[in-house]
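Hello,

Here is the structure I promised to pass on to you. Have a look at it first, and then read my notes below.

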Amino acid sequence: MNILQINSSARREASHSTRLANRMVARLGDTDPAATLKVRDLNNTPHPILDEAALGALFTPAEQRTAEQAARVALDDALIAEIQAAEVVVLGVPMYNFGVPAPLKNWIAAISRAGVTFRYTEKGPEGLLKGKKVYVALTRGGKYRNTPADTQVPYLKTVFTFLGLTDVHFVYAEGLSMGSDAEQSAIDSAYEQIEEAVAA
Ligand SMILES: Cc1cc2nc3c(=O)[nH]c(=O)nc-3n(C[C@H](O)[C@H](O)[C@H](O)COP(=O)(O)O)c2cc1C
């Protein structure tokens with residue numbers, strides 16, 4: 001299997017979400033020794049925001065783009081090619097201010113391309129990134145699972161479904177800021193959830 005790992009924490013070595021994503025990838029690799037891995041760390045390689053210049057580039061026909069516009073579109077093309085090539089996508093996603101980290105939002109904006117990763121039909125939108133498995137390792141300082149304050153899961157489910165990614169599995173590590181015992185128990189629980197996800 002081809003695995004694409006997306007890390008979105010601002011932290012590197014200390015990131016729980018990246019560690020959990022690493023663990024998920026390692027366990028998936030145990031089930032398929034031929035698995036390949038592409039890691040995109042959104043903080044090591046920041047992706048530009050979707051500003052007016054980027055929108056202008058995207059909405060200009062390819063043959064009419066300036067060199068600068070072509071280069072901007074090519075940055076998004078590279079991220080789209082990565083997810084198109086992947087059979088499995090593993091994301092590490094911290095909760096920042098009740099949402100997803102801004103670099104992850106930029107990544108989602110980059111891979112959401114009309115006519116390429118989704119299209120509108122007479123019956124409504126159709127996602128074109130089909131047949132992939134998605135695993136999301138969520139890390140939070142507090143505990144928000146299944147509450148209205150958890151905007152991450154509904155948002156990610158909606159956007160992934162829109163893109164055709166319907167097989168999405170969430171792993172939660174919550175209460176990471178609630179003391180060392182709570183932190184350890186959150187990590188232990190997340191490891192168990194990873195085992196369940198890999199076995200499912
Ligand atoms: C800027 C910032 C904002 C945060 N906002 C929230 C929040 O809204 N809710 C929450 O439960 N935890 C919040 N946290 C705590 C993180 O979700 C928690 O530390 C998590 O482990 C970070 O992921 P990481 O370990 O992969 O870096 C925030 C942390 C930072 C640094």
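**What I found in it**

Val-90 has Tyr-135 of strand β6 as its bridge partner. That pair belongs to a longer match: strand β3 (residues 88–94) and strand β6 (residues 133–139) run parallel and are joined over 7 bridges. Please keep in mind as you browse that this is a predicted model.

Now to the sheet that holds these two strands. It is an open sheet of 5 strands with parallel pairing, and the order across it is β2-β1-β3-β6-β7. At its edges are β2 (36–41) and β7 (167–173), each of which pairs on one side only. From one strand to the next, the twist averages 15 degrees.

Which strands does helix α1 touch as it packs on the sheet? Helix α1, residues 16–31, touches β1 (2–7), β2, β3, β6 and β7. The direction of helix α1 makes about 160 degrees with that of β3. Helix α6 (residues 180–199) packs on the sheet too, and there the strands touched are β6 and β7. Its direction makes about 160 degrees with that of β7.

There is also an antiparallel pair to look at. Strand β4 (residues 118–121) and strand β5 (residues 124–127) run antiparallel and are joined by 4 bridges. A hairpin of 2 residues leads from β4 to β5, and Thr-121 stands opposite Gly-124 in β5.

Finally, the ligand. There are 16 residues around it, and those that come nearest are Ser-9, Arg-11, Ser-15, Ser-17 and Met-95. Sorted by class, the shell around the ligand consists of 6 nonpolar, 8 polar and 2 charged residues.

How far is a polar backbone atom of Met-95 from an oxygen atom of the ligand? The distance is 2.8 Å. Phe-98 also takes part through its backbone, with an N or O atom 2.9 Å from an oxygen atom of the ligand. For Gly-141, a polar backbone atom is 3.0 Å from a nitrogen atom of the ligand. On its own the ligand has 630 Å² of accessible area, and the protein covers 74% of that.

If you want a place to start, try Val-90 and Tyr-135, the bridge partners in β3 and β6, and then turn to Met-95, one of the residues that come nearest to the ligand.

Enjoy exploring it, and all the best!

Technical notes: Residues are numbered from 1 along each chain as its sequence is written. This is a predicted model: local features need pLDDT of at least 70, side-chain atom pairs count only at pLDDT 80 or more; totals for chains, interfaces and linings use all residues. Side-chain values use heavy atoms; hydrogens and water are left out. A residue is near a molecule or strand if one of its heavy atoms lies within 4 Å of it. A polar contact is a pair of N or O atoms within 3.5 Å; within protein, one must be able to donate a hydrogen and the other to accept it, and residues adjacent in sequence count only if both atoms are side-chain atoms. Accessible areas come from the Shrake-Rupley method with a 1.4 Å probe; for residues, only the protein chains shown count as cover. Ala, Val, Leu, Ile, Met, Phe, Trp, Tyr, Cys and Pro count as nonpolar, Asp, Glu, Lys and Arg as charged, and the others, Gly among them, as polar. Two strands pair if DSSP finds at least two bridges between them. Axes are lines fitted to C-alpha atoms, for helices over the stretch in contact, and angles run from 0 to 180 degrees between N-to-C directions. Contact means heavy atoms within 4.5 Å.
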